[in-house]
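Reader: I'm new to this one, so could you walk me through it?

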Amino acid sequence: MWFLYILTWLSLAVQILFVTLSIAAALYYLAEIIEEYTVMTRKVVKNMLVVSCVVYVGLWLFESFPFTIIAVGLFTNLVEFSLLRSFPFIELTSPNFIGTVLLVFVNHYLAFKYFNKVYHTFAEVLSYFTLCLWLIPFTFFISLSAGDNVLPSTVQPLLTPNPDHDVLSHYMTKGKKKRSVLLTIFENCKDFVMPSRTKRF
């Protein structure tokens, strides 16, 4: 009996390891795709925001969710729509980004407060959190450094405006010096887990 119990915990550890590696690989792949296809990513995020708004309206009409949760959720989507105007260039110090982060916490607080009072199955709660609270902010998170490798344009906001710097010089000093932060983290984790062999001649 005790031997099978130990095997159960060992198998659980192996399963957690496989799930963690799978999630890391998926995030790395998604970050690569977002950096490669920023225009398509912007359209996808825009459609996700529209679907999220429809979901909020449906929850209000058919599930009698509190108006406060619906109003704050729709306002959050409106603020996230404003982030798309300069996508993939998102400044972490911009009022829109800071407001989005704060509204994510407010949405979670309201959701926990509501589901603590009104019973819903775990699957229903998870579906609400996934579609309304996690999906879009997570997409913006893995898109944060997608603008690092985009070709220069006049649409790109300069972090430190200077009349002496044109778009090309800003791109050469800012854009090409560093790789995506998220991809760098993933690549370091990959090198730590699976170190590459050095060739011998």
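Reader: Over which residues does pLDDT stay under 50?

Author: This is a predicted model, where local features need pLDDT of at least 70 and side-chain atom pairs count only at pLDDT 80 or more, while totals for chains, interfaces and linings use all residues. Residues are numbered from 1 along each chain as its sequence is written, and side-chain values use heavy atoms, leaving out hydrogens and water. pLDDT is the predictor's confidence in each residue, from 0 to 100, and where it is low, the predicted coordinates should not be read in detail. Here pLDDT stays under 50 over residues 154–160.

Reader: Which element has the highest mean pLDDT?

Author: Helices are DSSP runs (H or I, at least four residues), numbered from the N terminus. Helix 6 (residues 167–175) has the lowest mean, 48. At the top, with 94, sits helix 4 (residues 95–117).

Reader: Which helices each supply at least two residues of the largest nonpolar core?

Author: A nonpolar core is a set of buried (under 20% relative accessible area, 1.4 Å probe, protein chains only) Ala, Val, Leu, Ile, Met, Phe, Trp, Tyr and Cys residues joined through side-chain atoms within 4.5 Å. The largest has 17 residues, and Phe 65, Phe 115, Tyr 128, Phe 129 and Leu 133 touch the most other members. Its suppliers of at least two residues each are helix 2 (38–62), helix 3 (67–83), helix 4 and helix 5 (122–142).

Reader: How many residues make up the other core?

Author: It lies apart from the largest one. Among its members are Ile 90, Phe 97, Ile 136 and Phe 140, and the total is ten residues.

Technical notes
Contact means heavy atoms within 4.5 Å. Buried means under 20% relative accessible area, exposed over 50%, partly exposed in between (1.4 Å probe, protein chains only).
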